[in-house]
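Work through the following exercises with the sequence and the structure open beside you, and try each task before you read its solution.

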Amino acid sequence: MANVNKKRKLPMKLVKEDAKKYNETIEVEFIDDGKVYTVTVRPYFDIVGINNVIQRIGDELNEMKSAGIKFDDRLFPLFLLYHTLIEFSDFPASKSKNVKERMAYFIEVVKTKYFKECIDVFIQEEFNKVWDRVIETIVTSEKMYNMFEKIKKEAERLELQNPEIKEILKQTHKETSES
């Protein structure tokens, strides 16, 4: 019987073996007009890719806000699925520089059978990792904002003699209010 109480260092072999799953792929086939098309999906989501999804979504939402586009919060789960699909597959993504065109493409894509069939191969536990990371990011962002507001209020209570510091605080407040 193996001694499970004996502590050992984690061998590189186990790390490499576990990392291999992130290279696995699934081919999703579509037959249209007698032609076979495929989308290659990676069903396991690594942390780097998950962070890319979060970054891309944040960038898109900020760009929409700057462009005056109102994002319907009810679309967020689909938006997250869409960006997860784009990150972890070779599904065609819009290359447009125009955020309105990219949003129009997103709306078109989520209505298609291709989108549904591709996300159906996602492993629920893997997608949960993405969703959990989104929640963590939102909570952390909220905590940081609240901490900044608290520090700002404390700084405002101080009688600052230095006009340069007052100006920096005003500018910082203006920037955070705009974002």
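**Exercise 1. The two strands**

Describe how strand 1 and strand 2 pair, and what the turn between them looks like.

*Solution.* Begin with the pairing: strand 1, which covers residues 26-32, runs alongside strand 2, residues 35-41, in the antiparallel sense, and seven bridges join the two. Bear in mind throughout that this is a predicted model. Next, pick out individual partners across the pair: Ile 31 has Val 36 of strand 2 as its bridge partner, and Asp 32 stands opposite Lys 35. Finally, look at the turn, where two residues lie between the strands of this hairpin, and where Asp 33 has a positive phi of about 50 degrees.

**Exercise 2. One residue at the end of the pairing**

Decide whether Asp 32 is buried or exposed, and list its contacts beyond its neighbours within four places in sequence.

*Solution.* First place the residue: Asp 32 belongs to strand 1. Then compare its relative accessibility with the cut-off: the value for Asp 32 is 18%, and buried means under 20%, so Asp 32 counts as buried. Last, once the neighbours within four places in sequence are set aside, Asp 32 is in contact with Tyr 37, Lys 113 and Tyr 114.

**Exercise 3. The overall order and the core**

Write down the order of helices and strands along the protein chain, and then find which elements build the largest nonpolar core.

*Solution.* The protein chain holds seven helices and two strands, and reading along the sequence gives the pattern α-β-β-α-α-α-α-α-α. Of its 179 residues, 27% are buried. Turning to the core, the largest nonpolar one has 32 residues, and those with the most contacts inside it are Leu 80, Leu 85, Phe 115 and Phe 122. Two or more residues come from each of strand 1, strand 2, helix 2 (47-66), helix 3 (76-87), helix 4 (99-110), helix 5 (113-119) and helix 6 (124-157). Helix 3 gives the largest share, seven residues. As a general background, nonpolar side chains in soluble globular proteins tend to be buried together. For a closer view of one core residue, take Phe 122, which, apart from neighbours within four places in sequence, is in contact with Val 41, Phe 45, Leu 81, Thr 84, Leu 85 and Phe 127.

**Exercise 4. Two packed helices**

Explain why helix 2 is called oblique to helix 4, and name the residues that make the contact.

*Solution.* Start from the geometry: helix 2 and helix 4 pack at an angle of about 120 degrees, and their axes are 10 Å apart. That angle makes helix 2 oblique to helix 4. The contact itself is made by Glu 60, Glu 63 and Met 64 on helix 2, together with Val 99, Arg 102 and Met 103 on helix 4. As for handedness, helix 2 passes helix 4 in a left-handed crossing.

**Exercise 5. A histidine in helix 3**

Find how accessible His 83 is, and which residues are in contact with His 83 beyond its neighbours within four places in sequence.

*Solution.* His 83 has its place in helix 3, and with a relative accessible area of 3% His 83 is buried. Leaving aside neighbours within four places in sequence, its contacts are Val 53, Arg 56, Ile 57 and Glu 60. As a last step, consider Ile 54, 29 residues away from His 83 along the chain: the C-alpha atoms of these two residues are separated by 8.6 Å.

Notes
Residues are numbered from 1 along each chain as its sequence is written. This is a predicted model: local features need pLDDT of at least 70, side-chain atom pairs count only at pLDDT 80 or more; totals for chains, interfaces and linings use all residues. Side-chain values use heavy atoms; hydrogens and water are left out. Two strands pair if DSSP finds at least two bridges between them. Helices (H or I, at least four residues) and strands (E, at least two) are DSSP runs, numbered from the N terminus. A nonpolar core is a set of buried Ala, Val, Leu, Ile, Met, Phe, Trp, Tyr and Cys residues joined through side-chain atoms within 4.5 Å. Buried means under 20% relative accessible area, exposed over 50%, partly exposed in between (1.4 Å probe, protein chains only). Contact means heavy atoms within 4.5 Å. Axes are lines fitted to C-alpha atoms, for helices over the stretch in contact, and angles run from 0 to 180 degrees between N-to-C directions. Angles under 35 degrees count as roughly parallel, over 145 as roughly antiparallel, 65 to 115 as roughly perpendicular and the rest as oblique. A crossing is left-handed if the near helix is turned anticlockwise from the far one by less than a right angle, and right-handed if clockwise.
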